[in-house]
Amino acid sequence: MPSFQGGDLMTFRNWVMQKVKYPQIAQENNITGRVTLQFVIEKDGRLTGIKVLASPDASLSEEAIRVVQSSPKWTPGKQRNQTVRVKYTLPIEFRIQN
């Protein structure tokens, strides 16, 4: 499996949650929920093919995509000593903190 900054998907999820800025419009309209993204970690560690599988609102989708696109390169996954592309699905929770 690919690794992110020496960790795994949980390390990446924590990194994403630190970078996410709750969209003002979503906050004002009390929009919360889960955005589910899918992406591919390429053989060179870049993230490509970012797609929204599910989302409660476009503003939350845009923010989730913005953060994932800004990801530093990953250490790519290997299979039988060959570097391979790996597809991931990542849910990102948006909750308003009071």
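## Helix H3 and its surroundings

In helix H3, a DSSP run of H or I with at least four residues, numbered from the N terminus, the residues Ser59, Leu60, Ser61, Glu63, Ala64, Val67 and Val68 are buried, a word that stands for under 20% relative accessible area with a 1.4 Å probe and protein chains only. What covers these buried residues includes helix H1 (9-19), helix H2 (24-28), E1, E2 and strand E5 (86-94).

This is a predicted model, in which local features need pLDDT of at least 70 and side-chain atom pairs count only at pLDDT 80 or more, while totals for chains, interfaces and linings use all residues. Residues are numbered from 1 along each chain as its sequence is written, and side-chain values use heavy atoms, leaving out hydrogens and water.

## An aromatic pair

The structure holds ten aromatic pairs, counted where ring centres of Phe, Tyr or Trp (its six-membered ring) lie within 6.5 Å. Phenylalanine 12 and phenylalanine 39 form one that is edge-to-face (planes over 60 degrees apart), with 5.8 Å centre to centre and 65 degrees between the planes. Because phenylalanine 12 lies in helix H1 and phenylalanine 39 in strand E1, the pair ties together parts that are 27 residues apart in sequence. Phenylalanine 12 is buried at 0% relative accessibility, and phenylalanine 39 is buried with a relative accessible area of 0%.

## Glutamate 42

Glutamate 42 is placed in the loop between strand E1 (33-41) and strand E2 (47-54), strands being DSSP runs of E with at least two residues. With a relative accessible area of 13%, glutamate 42 is buried.

How values were computed
Buried < 20%, exposed > 50% of the residue type's maximum accessible area, 1.4 Å probe, protein only. Contact = heavy atoms within 4.5 Å. Phe/Tyr/Trp six-rings, centres within 6.5 Å; stacked < 30°, edge-to-face > 60°.
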